[in-house]
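Visitor: I should like to ask on what grounds the terms used for this model are applied. May we go through them one at a time?

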Amino acid sequence: MSTISREEVARLAGLARIDLTDAELTRLATELDVIVEAVATVSRVATDDVPATSHPLPLVNVLRPDVVVQPLAADQALAAAPSAEDGRFAVPQILGEDA
Amino acid sequence: MSDLTRLSAAALADRLSAGEASSVEATRAHLDRIAAVDGAVHAFLHVSADDALATAADVDARRAAGEQLHPLAGVPIAVKDVVVTKGLPTTAGSRILEGWVPPYDATLVERIKAAGLPILGKTNMDEFAMGSSTEHSAFGDTHNPWDLDRIPGGSGGGSAAAVAAYEAPLAIGTDTGGSIRQPAAVTGTVGTKPTYGGVSRYGLIAMASSLDQAGPVTRTVLDAALLHALIGGHDPRDSTSLPDPLPDVVGAARLGASGDLTGVRLGVVRELGGDGYQPGVRARFEESLEVLQAAGAEVVEVSCPNFQYALAAYYLIMPSEASSNLAKFDGMRFGLRVEPADGPVTAERVMAATRGRGFGDEVKRRVILGTYALSAGYYDAYYGSAQKVRTLVQRDFAAAFEQADVLVSPTAPTTAFRLGEKLDDPMAMYLNDVATIPANLAGVPGISVPNGLDGGLPTGFQVLAPAKADDRLYRVGAALEALLEARWGGPLLASAPELEETR
């Protein structure tokens, strides 16, 4: 089930949007292989008749009083941004085409 | 040297309310202690001396004016750096948030501030709480006050070391797989992971949202209960916050301190012991059981056969949730932004460059692992199966709690290991949490109480209770503490070596 290749790690890093160096790719491939082999034991007991649990203590319809609260002001939200302009976050080009 | 730093929070609170000491004196004493020993311990990433003294002065003035104050008003506290604090730098131990100053407070911080506890500063931790040794902090290791060459546990090693080194009487931790309890065990301190939803997660920088819980880190069980009562309870800003009132944890701690456990059934979990646990850890555990039995508790053995799969399930669920939660660190709204060295400067490439530079090894490892577990073709086999194991672990707990009021085990399989010893072996590091993880998967509460030494290093005794029955932790924990301290002639920390003070 396991054996994670260096190419697979590179593909996952692309999906996760993390630039990795060559050395990191090589090391992670080895480490993830060991980890994945260990965690794959979950499939031994996860039979079809067992339902999945996503939340430890499910809650239904916990409501708060419908009162207006002060939101974060725009200047506070923008204060820690790497770049801001005219009351907005300034971001790099978001589409891949040439500028 | 002032002895205000050696008092428990409860004892310090008594002195403050009796007018025998001021909060400014207590806060200054702790700031002096931090200045004297934190060069060696490195529990703090940021010390907020001016803010803490201002809060202390305000509390002193209000007390002098006859105002009715919270019982812990004026008692200083340290906060783990994964909890956002308005106006105080918050990094979660990561370069990607270096220099970030949050524009709002976590709910638990609001409660701390409203009660008038001076915040001494922010404590060191593994980056984004990912680790069991605090060695994954981007800002250097924290050292165990019992032996500065050893780990203080993790991820909340800074909070545990701060209270163990008398730099703070109280601290806040967070526990996703053991990050409050395991550091408590290896530093000879007390730490509680409340029932999931018992303490608001609003303002915690999330690692794994279905597992994360904030809780108290202290030197005594009563102090943990007092802090738990302060920060716990419903918060409409956290959709997973329990609407139920908090059980009387303080009353339970006071009851337990009488040392009488008549009629309490303790379930020893067969799967959380034996091979893989250091012989000295097992010996201290057996001795504690005898002490509790002598106090009237009934001991039964319970079996939780699916706990052997808990670690594996955890290392699928946690990275999966983390890979999703950490997507917010995109270099756009806060924190670091790195532009790629060459090629077009697009948002996607900026995000990848920022995360490549800003995340440390362990964070990269877990995000990639989580991305793998959630990716097409693997989802059912990994994430889906892990969620089923979670159901099986919950069923094991339910069955065990039919036979026992609380479950008990060693908190961690070993005492503190040497810094660097397990850094190159992720699986060996992950095994530190083998006894603490099941509680997070099931959402049940747990506490670690110091229960002795092995080779001069502390061991911890873990108590687990059913969901929403956190009071049971405090009754049993306080009883064990009282009984053991009567034997030892004082707290375990009194036998820790004195740290050299530098000015």
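Guide: The questions below concern a predicted model, and each answer sets a value against its criterion.

Visitor: Why is the pair Glu24(A) and Lys364(B) called a salt bridge?

Guide: The term requires a side-chain nitrogen of Lys or Arg within 4 Å of a carboxyl oxygen of Asp or Glu. In Glu24(A) and Lys364(B) the closest N and O atoms are 2.6 Å apart, so the pair meets the criterion. Across the interface of chain B and chain A the rule finds 4 salt bridges, and it finds 14 residue pairs in polar contact there, both residues being at pLDDT 80 or more.

Visitor: Which elements of chain B supply the side that touches chain A?

Guide: Helix 10 (310–325), helix 11 (347–358), helix 12 (361–374), helix 13 (380–403), helix 14 (426–430) and helix 15 (437–442) of chain B each supply at least two residues. Helix 13 of chain B gives the most, with 12 residues. By class, that side of chain B divides into 36 nonpolar, 18 polar and 11 charged residues.

Visitor: What makes the residues of the two chains count as being in contact, and how many does each chain give?

Guide: Contact requires heavy atoms within 4.5 Å. On that criterion 65 residues come from chain B and 57 residues from chain A.

Visitor: How is the size of such an interface expressed?

Guide: It is often given as the accessible area lost when the parts come together. For chain B and chain A the buried area is about 5,100 Å², with 70% of it on carbon and sulfur atoms.

Visitor: How do you know that chain B has the domains named here, and where do they lie?

Guide: The bounds come from an automatic or database domain assignment. That assignment gives domain 1 (3–258 + 409–495) and domain 2 (308–390) of chain B. Their centres, taken over C-alpha atoms, are separated by 28 Å. The contact takes 29 residues from domain 1 of chain B and 25 residues from domain 2 of chain B.

Visitor: What area do these two domains bury, and which three residues supply most on the domain 1 side?

Guide: Domain 1 and domain 2 of chain B bury about 2,500 Å² between them, 68% of it on carbon and sulfur atoms. Ile96(B), Tyr430(B) and Leu441(B) supply 30% of the area that domain 1 of chain B buries against domain 2 of chain B, more than any other three residues.

Visitor: How many salt bridges and polar contacts does the rule find between these domains?

Guide: Across the interface of domain 1 and domain 2 of chain B the rule finds 0 salt bridges, but 13 residue pairs in polar contact, both at pLDDT 80 or more. Helix 14 and helix 15 of chain B are the elements that give two or more residues to the domain 1 side. The largest share, 4 residues, comes from helix 15 of chain B. That side has 18 nonpolar, 8 polar and 3 charged residues.

Visitor: Why are the peptide bond of Gly154(B) and Ser155(B) and the phi of Ala129(B) worth a remark?

Guide: Most residues other than glycine have a negative phi, and most peptide bonds are trans. The bond that joins Gly154(B) and Ser155(B) is cis, with omega about 10 degrees. Ala129(B) is a residue other than glycine, yet its phi is positive, near 70 degrees. Ser155(B) lies in the loop between strand 3 (119–123) and helix 5 (157–164) of chain B, and Ala129(B) is found in the loop between strand 3 and helix 5 of chain B.

Note on methods
Residues numbered from 1 in each chain as written. Chains lettered and ligands numbered in written order. Heavy atoms only, no water. Buried area = accessible area lost by both parts, 1.4 Å probe. Polar contact = N/O pair within 3.5 Å; in protein donor to acceptor, adjacent residues only side chain to side chain. Nonpolar A, V, L, I, M, F, W, Y, C, P; charged D, E, K, R; others polar.
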